[in-house]
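Hello,

Here is the structure I promised to pass on to you. Have a look at it first, and my notes follow underneath.

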Amino acid sequence: MNSYETHKKKGNDMNLDFLFEMLENQYGKEITKNIINGYNSKRYTTFRVNLIRSSVVEVEDVLKSHKIEYEKVAWSNEAFILKNASEKDIRELSIYKDGKIYLQSLSSMLPPILLEPKSELDILDMAAAPGGKTTQIASITNNKANITACEMNKVRAERLRYNLEKQGANSYVMVQDARNIEDFFSFDKILLDAPCSGSGTINLREPKLYQNFTEKLIQKSVATQKQLLDKALNILKPGKEMIYSTCSILFCENEEVIETILKKKKAQIVPIEFEQMEGLPVLPTKINGTLCVCPNEFYEGFFIAKIRKN
């Protein structure tokens with residue numbers, strides 16, 4: 001019995017059969033096998049350089065001095081994949097303690113890059129904690145954008161503030177449910193990395209998964225995603241663009257959410273195109289121009305769409 005069939009059987013025993021069925025219905029058996037192999041893969045530790053506090057050259061020199069082997073990705077000069085070091089090893093280094101790097105999955109680095117943030121723009125990160133994408137936007141713009149980071153949970157908001165300070169990132173933290181932001185606010189760009197089921201980041205060896213990953217979680221996520229996207233398009237300035245992303249690979253949390261809201265709003269999909277995109281492990285999507293990354297040993301499963309308000 002191959003690993004796919006083994007975990008499908010385990011899924012039945014541990015009540016994950018609904019997920020495997022959803023994946024098969026969406027992608028077919030062959031692609032679902034690849035996804036489940038990705039769920040089983042031990043992912044490499046990855047990080048990006050914080051250009052506010054450091055440079056790629058400085059970080060490379062530190063890694064070489066500690067005999068840490070790494071490779072780069074084609075689509076970002078600041079992103080590093082570690083070949084012989086763990087997250088624990090990196091946390092011991094001064095470049096981590098001094099906020100010169102940020103431990104972050106490769107997939108989650110894509111939305112801020114695709115947002116194309118620029119200096120002087122008013123930018124909203126709608127569900128910002130713990131701050132990886134907020135600090136990345138600050139790094140890309142060299143702290144010259146007007147960033148608002150929204151987080152409804154007070155404890156998570158404190159964690160967000162801690163990371164912003166450690167990374168030297170300038171951002172106003174709004175402790176509020178983003179669904180309730182007043183419509184008199186307006187932004188040039190919005191990043192909505194929406195709360196989701198996490199179906200792209202599953203680790204089948206994690207025992208708590210079988211208790212926490214439920215159909216109810218997916219349904220609750222979908223409802224929240226629709227409300228957040230609706231609000232985002234209310235407060236995005238006409239003619240401007242936003243990113244909708246999730247760490248889910250399920251149509252119901254991605255394409256179907258977008259299709260539902262775009263029927264109500266005057267907005268359209270902007271096809272995602274960037275250099276070296278062909279190197280990504282991608283899954284088929286229901287909406288042309290959107291991007292869905294397949295989980296493997298380097299990437300988490302991730303969905304990204306760019307939307308322009310007409």
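Which residues of H11 are buried? They are Glu 255, Val 257, Ile 258, Ile 261 and Leu 262. Before I go on, please keep in mind that this is a predicted model.

Seen down the axis of H11, those buried residues fall within an arc of 160°, so they line one face of the helix. That fits a general point: an α-helix has 3.6 residues a turn, so residues three or four places apart point the same way. What do the buried residues of H11 pack against? Their partners are H10, S9, S10 and S12.

On to the nonpolar cores. The largest one has 51 residues, and within it Leu 229, Met 242 and Tyr 244 touch the most other members. Several elements give two or more residues to this core: H2, strand S8 (187-193), helix H9 (209-212), helix H10 (215-235), S9, helix H11 (255-262), strand S10 (267-270) and strand S12 (302-309). H2 supplies the largest share, with 8 residues. Leaving aside neighbours within four places in sequence, Leu 229 is in contact with Leu 192, Met 242, Tyr 244, Val 257, Ile 258, Ile 261 and Ile 307. There is also a second, separate core of 30 residues, which includes Leu 115, Ala 129, Ile 147 and Tyr 299.

Strand S9 deserves a paragraph of its own. S9 pairs with S8 in the parallel sense over 6 bridges, while 6 bridges also join S9 to S12, and those two run antiparallel. In S12, Phe 303 is the bridge partner of Thr 246. Glu 241 lies in S9, which covers residues 236-246, and Lys 189 stands opposite Glu 241.

Is Glu 241 buried or exposed? Its relative accessibility is 15%, and buried means under 20%, so Glu 241 counts as buried. Its side chain makes a polar contact of 2.8 Å with the side chain of Arg 308. Not counting residues up to four places away in sequence, Glu 241 touches Leu 115, Asp 188, Lys 189, Ile 190, Leu 236, Val 270, Lys 306, Ile 307 and Arg 308.

For contrast, try Asn 15. This residue sits in the loop between helix H1 (3-13) and helix H2 (17-40). Asn 15 has 52% relative accessibility and counts as exposed. Its C-alpha atom is separated by 36 Å from that of Met 242, and the two residues are 227 apart along the chain.

Finally, there is an open sheet of 4 strands in the order S2-S3-S1-S4, with antiparallel pairing. Why do S2 and S4 each have one side without a neighbour in the sheet? Strand S2 (70-73) and strand S4 (101-103) stand at the edges and each have a single partner strand, so one side of each is left free of a neighbour there. On average, neighbouring strands of this sheet are turned by 30° against each other, direction ignored. S2 is joined by 4 bridges to strand S3 (residues 76-82), and the two run antiparallel; Ile 81 in S3 is the bridge partner of Glu 71. Helix H3 (residues 56-65) packs on the sheet, touching strand S1 (46-49), S2, S3 and S4, and its direction makes about 15° with that of S3.

Happy browsing, and do write back with any questions.

Best wishes

Conventions: Residues numbered from 1 in each chain as written. Predicted model: local features only at pLDDT ≥ 70, side-chain atom pairs only at ≥ 80, totals over all residues. Heavy atoms only, no water. Pairing = 2+ DSSP bridges. Axes fitted to C-alpha atoms, helices over the stretch in contact; angles between N-to-C directions. Contact = heavy atoms within 4.5 Å. Buried < 20%, exposed > 50% of the residue type's maximum accessible area, 1.4 Å probe, protein only. Polar contact = N/O pair within 3.5 Å; in protein donor to acceptor, adjacent residues only side chain to side chain. Core = buried A, V, L, I, M, F, W, Y, C linked by side-chain atoms within 4.5 Å. Arc of directions from axis to C-beta.
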